[in-house]
Amino acid sequence: MLEPIRDPQPKTDKKGEATMSDVLVNPIGPESKGELARPVYPPAALAGHAGRYVVNATILIDTNGVVTEVRPTWQRMNIPGPYSDLFFAAAKAAISTWRFEPARNVYWRKNGDADPLYLYAEAIEARTDVRFTFDSNGKVH
């Protein structure tokens with residue numbers, strides 16, 4: 001679900017300790033810290049009997065595990081309506097509280113037929129899409 005933003009970039013030192021051909025990269029996506037808050041159905045939309053509404057968003061998680069961007073996704077369309085901005089704002093407010101162990105690339109040196117040898121790990125940004133369904137009973141899934 002969570003994908004690193006950039007391709008792995010194995011580092012090399014001046015002594016030629018590791019080159020691209022002898023390095024394995026293991027990308028690890030971010031993992032949530034604690035429970036992820038769900039948005040609250042907007043009171044004005046509930047009072048206006050807005051009914052069911054789906055919000056699709058893309059989030060950016062930085063190298064500290066903090067959500068730094070929440071925007072409508074290009075993968076799925078958010079259908080415009082009179083309460084669209086309220087639903088998106090509710091989703092954004094909840095998502096902005098989320099915290100993660102950051103995504104990272106773990107670098108290993110090939111070791112012939114033996115297990116690879118750990119070199120180092122680096123935190124990287126990650127991007128993922130999330131979806132919330134606000135139902136007509138005021139619940140969010």
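Contact here means that heavy atoms lie within 4.5 Å of each other. Keep that in mind for the exercises below, and remember that you're working with a predicted model.

**Exercise 1. Find the contacts of V66, then see how V66 and T97 sit relative to each other.**

Step 1: Find V66 in the loop between β4 and β5 (67-72).

Step 2: Skip the neighbours within four places in sequence, and V66 is in contact with L60, I61 and R99.

Step 3: Decide on exposure. Partly exposed covers the range between 20% and 50%, so V66, with a relative accessible area of 29%, is partly exposed.

Step 4: Go to T97. This residue belongs to the loop between α2 and β6 (100-101), and at 49% relative accessibility T97 also counts as partly exposed.

Step 5: Compare sequence with space. V66 and T97 are 31 residues apart in sequence, and their C-alpha atoms are 8.5 Å apart. Try T97 with R38 too: they're 59 residues apart along the chain, with 9.8 Å between the C-alpha atoms.

Step 6: Check the side chain of T97. One of its polar atoms lies 2.7 Å from the backbone oxygen of A94.

**Exercise 2. Take the overall inventory of the protein: how many helices and strands are there, and in what pattern do they follow each other?**

Step 1: Count the elements, and you get two helices and nine strands.

Step 2: Walk along the sequence, and the pattern reads β-β-β-α-β-β-α-β-β-β-β.

Step 3: Ask how much is buried. Of the 141 residues, 35% are buried.

Step 4: Look at the surface. The protein exposes about 8,900 Å², with carbon and sulfur atoms supplying 52% of that.

Step 5: Think about range along the chain. Take the contacts between residues at least 6 apart in sequence: 71% of them join residues at least 24 apart.

**Exercise 3. Work out the strand order of the open three-stranded sheet, and say which strands stand at its edges.**

Step 1: Recall the general idea. Strands of a sheet pair through backbone hydrogen bonds, and the pairing is either parallel or antiparallel.

Step 2: Write down the order, which is β2-β7-β8, with antiparallel pairing.

Step 3: Pick out the edges. β2 (23-28) and β8 (117-124) each have a single partner strand, so one side of each is left without a neighbour in the sheet.

Step 4: Add the twist, which averages 20 degrees from one strand to the next.

Step 5: Count the bridges. Six of them join β2 to β7, while β7 (residues 103-109) and β8 pair over seven.

Step 6: Match some residues across the strands. L24 has W108 in β7 as its bridge partner. R109 stands opposite L117 in β8, and R104 stands opposite A123 in β8.

**Exercise 4. Take T58 and N56 in strand β4: is each one buried or exposed, and what does each touch?**

Step 1: Place T58 in strand β4 (residues 53-61). N56 is found in β4 as well.

Step 2: Use the cut-off for buried, which is under 20% relative accessible area. T58 has 6%, so T58 is buried. N56 comes in at 4%, so N56 counts as buried too.

Step 3: List contacts, leaving out neighbours within four places in sequence. For T58 they include E69, V70, W74 and R127. For N56 they include R76, M77, F88 and V130.

Step 4: Look for a polar contact. The side chains of T58 and T73 are joined by one of 3.0 Å.

**Exercise 5. Which members of the largest nonpolar core touch the most other members?**

Step 1: Start from the 20 residues of this core. I59, V67, I95, W98, F132 and F134 touch the most other members.

Step 2: See where core residues come from. β4, β5, α2 (84-95) and β9 (126-134) each supply at least two.

Step 3: Zoom in on F134. Beyond its neighbours within four places in sequence, F134 has contacts including P39, Y41, Y53, F87 and A90.

**Exercise 6. What stands out about the phi of H49?**

Step 1: Find H49 in the loop between α1 (43-47) and β4.

Step 2: Recall what's usual. Most residues other than glycine have a negative phi.

Step 3: Check the value. Phi of H49 is near 55 degrees, which is positive, and H49 isn't a glycine.

Step 4: Add exposure. Exposed means over 50%, so H49, with a relative accessible area of 71%, is exposed.

Technical notes: Residues are numbered from 1 along each chain as its sequence is written. This is a predicted model: local features need pLDDT of at least 70, side-chain atom pairs count only at pLDDT 80 or more; totals for chains, interfaces and linings use all residues. Side-chain values use heavy atoms; hydrogens and water are left out. Helices (H or I, at least four residues) and strands (E, at least two) are DSSP runs, numbered from the N terminus. Buried means under 20% relative accessible area, exposed over 50%, partly exposed in between (1.4 Å probe, protein chains only). A polar contact is a pair of N or O atoms within 3.5 Å; within protein, one must be able to donate a hydrogen and the other to accept it, and residues adjacent in sequence count only if both atoms are side-chain atoms. Two strands pair if DSSP finds at least two bridges between them. Axes are lines fitted to C-alpha atoms, for helices over the stretch in contact, and angles run from 0 to 180 degrees between N-to-C directions. Accessible areas come from the Shrake-Rupley method with a 1.4 Å probe; for residues, only the protein chains shown count as cover. A nonpolar core is a set of buried Ala, Val, Leu, Ile, Met, Phe, Trp, Tyr and Cys residues joined through side-chain atoms within 4.5 Å.
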